[in-house]
Amino acid sequence: MITPNPPSPAAVQPLPDRIRHRFPILERLVYINSCSQGALSDSVREAYEAYLHDWDEHGAPWEYWVERTEAARASFARLVNADPDEIAVTTSLSAGVSALATGLRYARRSKIVVTDLEFPTIGQIWHAQAARGARVEHVAPAEDGVVPLERFERAIDEDTALVSITHVSYRTGATTDVEGVVELARQRGALVLLDAYQTVGSMPVDVRGLGVDFLAAGVLKYLLGSAGLAFFYCRRELFERAWPTATGWFADQDIFQMDVHDYSPSPTARRFQSGTPPIPAIYAGIAGIELMQEIGIAETREHVLELNERLIAGVDELGGTVVTPRQRDRHGALICIRSTNVDDLVSALASDGIVTSSRDGNLRVSAHSYNSTDDVDAVLGALARNRDLLA
Ligand SMILES: Cc1ncc(COP(=O)(O)O)c(C=O)c1O
């Protein structure tokens with residue numbers, strides 16, 4: 001009997017070749033839209049099947065589901081270099097941020113500094129706190145799409161309770177100078193919340209290295225999970241600083257005491273949780289995070305930066321306008337390209353089998369570990385055919 005040669009170790013093959021077969025959609029489409037949602041992998045599909053199997057097989061295996069929730073907490077903690085008790089398992093980024101916003105008091109320090117590059121949910125949550133005495137001050141980006149540190153310096157003062165920043169803007173792809181903002185905030189006694197939804201999974205994120213007080217993110221995009229699961233990090237020293245009034249029984253000190261007579265929030269970051277954890281999304285989220293760790297997040301970052309260099313050079317050649325800052329340390333995975341009619345451009349790309357998205361009149365092209373130079377060239381080819389839609 002002839003035995004086939006054993007496959008060469010996967011790790012010797014560079015990205016994306018060693019992993020493309022894990023994402024069936026790539027056989028049919030050029031999927032380059034991970035800023036909206038990551039592609040479905042074989043392991044995330046299997047995780048959903050495992051959830052249905054466990055439900056069918058065991059009815060309500062609550063102990064196992066609680067264990068899976070703790071596994072998700074630990075997995076996200078490892079990912080961002082936090083301890084598990086510094087992580088709340090939430091159903092959306094908004095849920096964690098809302099728990100924080102309802103838990104702060106605005107009597108001594110009333111100002112919240114927010115950039116115009118935030119996802120709308122962030123502005124909406126902080127503005128809702130106006131009813132409880134918060135004042136929201138916005139800082140706008142400069143011409144180059146980046147908020148200069150001087151603008152933060154002017155806005156952050158002795159009355160500032162918190163500065164709310166995005167790691168990479170969903171609108172422009174620009175990164176914020178997180179360390180710079182943290183230093184300014186520290187000097188003035190303000191806290192910093194980082195929205196890392198557009199970065200977790202696409203580049204290494206380390207809460208201790210960055211020095212942020214709070215971080216919120218979900219698994220839907222570069223972490224390859226599904227809707228329904230997000231996380232909220234709170235630095236240990238600040239557990240007791242917030243007394244969330246948006247809450248629920250999974251935030252209680254002793255969940256299974258089932259005490260209906262008082263509110264005693266958990267002494268850990270679990271106080272930012274609410275009701276029943278999103279068990280199906282947790283199965284999928286753990287699979288997604290594990291797959292990204294297997295693929296390698298630092299390697300993904302390098303790979304995507306190279307693809308983005310090729311994309312930017314190609315758009316320049318076509319005479320188009322790249323809105324995203326070009327320097328490697330100034331952008332994430334997302335590249336935004338100006339269009340005269342972005343809906344028509346997204347549709348034109350879609351009819352060529354290329355999946356992208358748009359915001360603010362800009363085309364959003366967001367590569368991941370599984371995208372190839374051929375994918376970028378396919379986008380550039382379609383842009384060349386629709387040159388009249390580039391601005
Ligand atoms: C930067 C950023 N923050 C927040 C969100 C949304 O968070 P959620 O819907 O989980 O509250 C998104 C995308 O959907 C995002 O891109």
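Reader: At about what angle to β12 does α10 run, where it lies across β11 and β12?
Author: This is a predicted model, in which local features need pLDDT of at least 70 and side-chain atom pairs pLDDT 80 or more, while totals for chains, interfaces and linings use all residues. Residues are numbered from 1 along each chain as its sequence is written, and side-chain values use heavy atoms, without hydrogens and water. Helices (DSSP H or I, at least four residues) and strands (E, at least two) are numbered from the N terminus, and angles run from 0 to 180 degrees between N-to-C directions of axes fitted to C-alpha atoms. Helix α10 lies across β11 and β12, and its angle to β12 is about 40°.

Reader: Which strands stand at the edges of the open sheet that contains β12?
Author: The three strands are ordered β9-β12-β11 with antiparallel pairing, where pairing requires at least two DSSP bridges. Each edge strand has a single partner, so one side of each is left without a neighbour in the sheet; these strands are β9 and β11.

Reader: In β12, which residue is the bridge partner of leucine 334?
Author: Strands β9 and β12 pair in the antiparallel sense over five bridges. In β12, the partner of leucine 334 is serine 366.

Reader: How wide an arc around the axis of α11 do its buried residues cover?
Author: In α11, Asp375, Val376, Val379, Leu380, Ala382 and Leu383 are buried (under 20% relative accessible area). The face turned away from them carries Asp374 and Arg385, which are exposed (over 50%). The buried residues lie on the same side of α11, because the arc they cover, taken from the axis to the C-beta atoms, is only 160°.

Notes
Buried means under 20% relative accessible area, exposed over 50%, partly exposed in between (1.4 Å probe, protein chains only). Contact means heavy atoms within 4.5 Å.
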